[in-house]
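Student: I should like a close look at a single part of this model, namely its nonpolar interior. Please give one connected account.

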Amino acid sequence: MTTRRPSITEYQMLERIGSGSYATVFRAMHKVTKEIYAIKCVEKASLSKTAVDNIITEISLLKKLKHRHIVEMKDFLWDERCIYIVMEYCNGGSLSAYIRQRQKLSETTCRIFLRQLALALRYMRENEVSHFDLKPQNLLLMRGGSEGAPMLKVADFGFAQHLKLGQENTSIKGSPLYMAPEILLKHCYDPTADLWSIGVILYECLFGRAPYSSKTLQELLDKIRSEKRIEIPKAHRISPEGEDLLCRLLQRSPKDRITFEEFFKHPFLDLKHAPSEQNLEKAIELINEAIELDKKQEYDAAYGKYCKGLQFFVPIIQAETDPDKKKVLRQRVQTYLNRAEEIKHSFQQEVPSKASSSKPLNRTASRVQQIQRALQPSELYQQLTALASSSPELKSALEIGRQAELYALENKLDVALESLKTVLGALMPLLAEEPRGSKRRDLLHQQIVCWMEEAEHIKSVRSAQILEEMENSPAANYNCCLQ
């Protein structure tokens, strides 16, 4: 470790911001451009052969890895005394310090950070890179303003290496508290060890401590050897999606652990709607389509497009660190949310009575038909119900689904969503039992797809509403279970 402050001609070394087993990190300013950087300084005299290998690995990987959520290496220099790795400066500190300041994080914030970590991990897997030292101390934060969660970036690739899926390693790498059990117990592991580390990070974000937190290394090793299943604290409520992902990440056996493919597709992360330039363009395209349908008074279709657009917009706002851009996006989304809610509310409020005129004031005939369709069970539902007489389970599930539709019409969105989750969970096994090619199986499949789409619509509206509530009440401690 560096004992005295190093000196580089191009940079002015400012305060020390971190240190490790063989390196010290300084905040530094370029003397010409005045830009701020983080410079990792390593004294050559202190380097063992392993440390030299780690430095070479880190430099070679950082030269290749260019991603929004990976700390970028700007340059590397050396002199007779030190090796210097010049990196972008992350002004928000580490995720570890962020957790300590707040004790634990809301599920919404955890979702934002984990999504960003997953995007970095997906990029690393595309390049067959494993990190092997993922922990809150190595996840740095970049603040763009005072609002919202900062952006997460993966740092410290000293233990990383190129490793294909299925390839194994036998050298001990990582920090014991975040290290997969197979590394410590079997000294044989593969890239899925990174998934265990992510599970520990998520656990610590949610509950304020790592699952195997210990006072001594021996206590930690004893806990790992005990093979006791990690339990989620009962005093803390988390969403079913969050609990499912956490449990699947923290499987002690790599064979039982969630795969990378399953991880990247998990609904808790919802990487399909993750912030990107492409998804911003998609969001704008969907909203423009919604506006055109709205003008044509095709309200059902317009509502669906507004909801789909919101699904892309909300994560973009959550991840935006520039306060001005965030404000503009939030205003736009609030406009679209208001219009979607107006359309949804009108189904409840504008029920045409038998005594009303055949041409209601300021309403087209098609609008009346849309409202009537919404209030009456669909033809699909009626056909399926008629075929459900021989299956009490199917009949009961369909009734729950219909009640969910009515809850949604009454704007009881949380209750509607929970009911839809319940009915979909009940219908999927029933669908698998239906004989292929049967009419009831085809109808059931169609109904499941319809209710899945309705659940996604409700999620998008509620996530936009919750985002607005959070922005208006920054001190509130939301533990949101919706995406």
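Tutor: The account below begins with the chain as a whole and then turns to the interior.

The model is predicted, so local features need pLDDT of at least 70 and side-chain atom pairs count only at pLDDT 80 or more, whereas totals for chains, interfaces and linings use all residues. Residues are numbered from 1 along each chain as its sequence is written, and side-chain values use heavy atoms, with hydrogens and water left out.

The protein chain has 483 residues, of which 51% count as buried; buried means under 20% relative accessible area, with a 1.4 Å probe and protein chains only. Its secondary structure comprises 16 helices and nine strands, taken as DSSP runs numbered from the N terminus (helices: H or I, at least four residues; strands: E, at least two).

In soluble globular proteins, nonpolar side chains tend to be buried together. A nonpolar core is here a set of buried Ala, Val, Leu, Ile, Met, Phe, Trp, Tyr and Cys residues joined through side-chain atoms within 4.5 Å. The largest core holds 81 residues, and Leu95, Leu117, Val154, Phe157 and Phe263 touch the most other members. Helix α5 (residues 193–207) supplies the largest share of this core, with 11 residues.

Phe157 merits separate inspection. Leaving aside residues up to four places away in sequence, Phe157 touches Thr57, Glu58, Leu61, Leu62, Leu65, Ile70, Met124 and His131, a contact being heavy atoms within 4.5 Å. A second core, separate from the largest, has 48 residues, including Ile287, Ile317, Leu329 and Ala416.

Over the whole chain, 64% of contacts between residues at least 6 apart in sequence join residues at least 24 apart.

Notes: Buried means under 20% relative accessible area, exposed over 50%, partly exposed in between (1.4 Å probe, protein chains only).
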